[in-house]
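User: I would like a close look at one part of this protein. Please keep the explanation plain, as I am in my first year.

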Amino acid sequence: MPDRQNRKNASPRTRPGTHERPEPAYAAGVPEIPGLPRRPDGPETDAERRRRRAQFLRELAEARQLRDRVQPRRAKTARLRHAMRMRTFRW
C-alpha cells in the first residue's frame, strides 16, 4: 500500500494541485437537476415546482406509452381489468 501521507501520493479523491476533498453536488442539501437553474437565494417558487411536476408527469406518461407499445399483451389485460373495475364501481 503506498504511503498517502506523502504529497506526491495524495488520495485519488482530491483535486489535482490541492489536498482537499471536492465538494459533492448535493452539498447544499438539494441535488442538482440537469437543465434546471439553481436558486441559491432560497426555496423554490410555486411556479418552479409546478413546472418540475408538469415535466415529471409528461415523462411518466411517455414512459407508460412506451411500456404499452413494448408489452401489448400486458397493456391489453390492464385495459380490460381497468374497464371491469370501472363497470363494477358504485358511484
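Which residues form the positive surface patch?

Analyst: This is a predicted model, and what follows is computed from it. The positive surface patch is formed by Arg49, Arg50, Arg51 and Arg53.

Take Arg51 as an example from this group. Arg51 is found in helix α1, a helix that covers residues 46-70. Its relative accessible area is 53%, and because exposed means over 50%, Arg51 counts as exposed.

Arg52 is not listed among the residues of the patch. Arg52 is partly exposed, with a relative accessible area of 34%, a value over the 30% that a patch residue needs. However, the side chain of Arg52 meets that of Glu44 in a salt bridge, at 2.9 Å from N to O. Patch residues must have no salt bridge, so Arg52 is left out. Its partner, Glu44, is partly exposed as well, with a relative accessible area of 37%. For the protein, the count comes to one salt bridge.

Helix α1 also contributes to a patch of another kind. Leu60 lies in this helix, and together with Phe56 and Leu57 it makes a nonpolar surface patch of about 260 Å². Leu60 has a relative accessible area of 31%. Partly exposed covers values between 20% and 50%, so Leu60 falls in that class.

The setting for these details is as follows. The protein has two helices and zero strands. Of its 91 residues, 3% count as buried. The protein exposes about 9200 Å², and carbon and sulfur atoms supply 54% of that area.

To sum up, Arg49, Arg50, Arg51 and Arg53 form the positive patch, while Arg52 is paired with Glu44 in a salt bridge.

Conventions: Residues are numbered from 1 along each chain as its sequence is written. This is a predicted model: local features need pLDDT of at least 70, side-chain atom pairs count only at pLDDT 80 or more; totals for chains, interfaces and linings use all residues. Side-chain values use heavy atoms; hydrogens and water are left out. Patches are made of residues with over 30% relative accessible area and no salt bridge: like charges are joined within 9 Å, nonpolar side chains (Val, Leu, Ile, Met, Phe, Trp, Tyr) within 5 Å. Accessible areas come from the Shrake-Rupley method with a 1.4 Å probe; for residues, only the protein chains shown count as cover. A salt bridge is a side-chain nitrogen of Lys or Arg within 4 Å of a carboxyl oxygen of Asp or Glu. Helices (H or I, at least four residues) and strands (E, at least two) are DSSP runs, numbered from the N terminus. Buried means under 20% relative accessible area, exposed over 50%, partly exposed in between (1.4 Å probe, protein chains only). Lys and Arg count as positive and Asp and Glu as negative; His and the chain ends are not counted. The place of a charge is taken as NZ of Lys, CZ of Arg, CG of Asp or CD of Glu.
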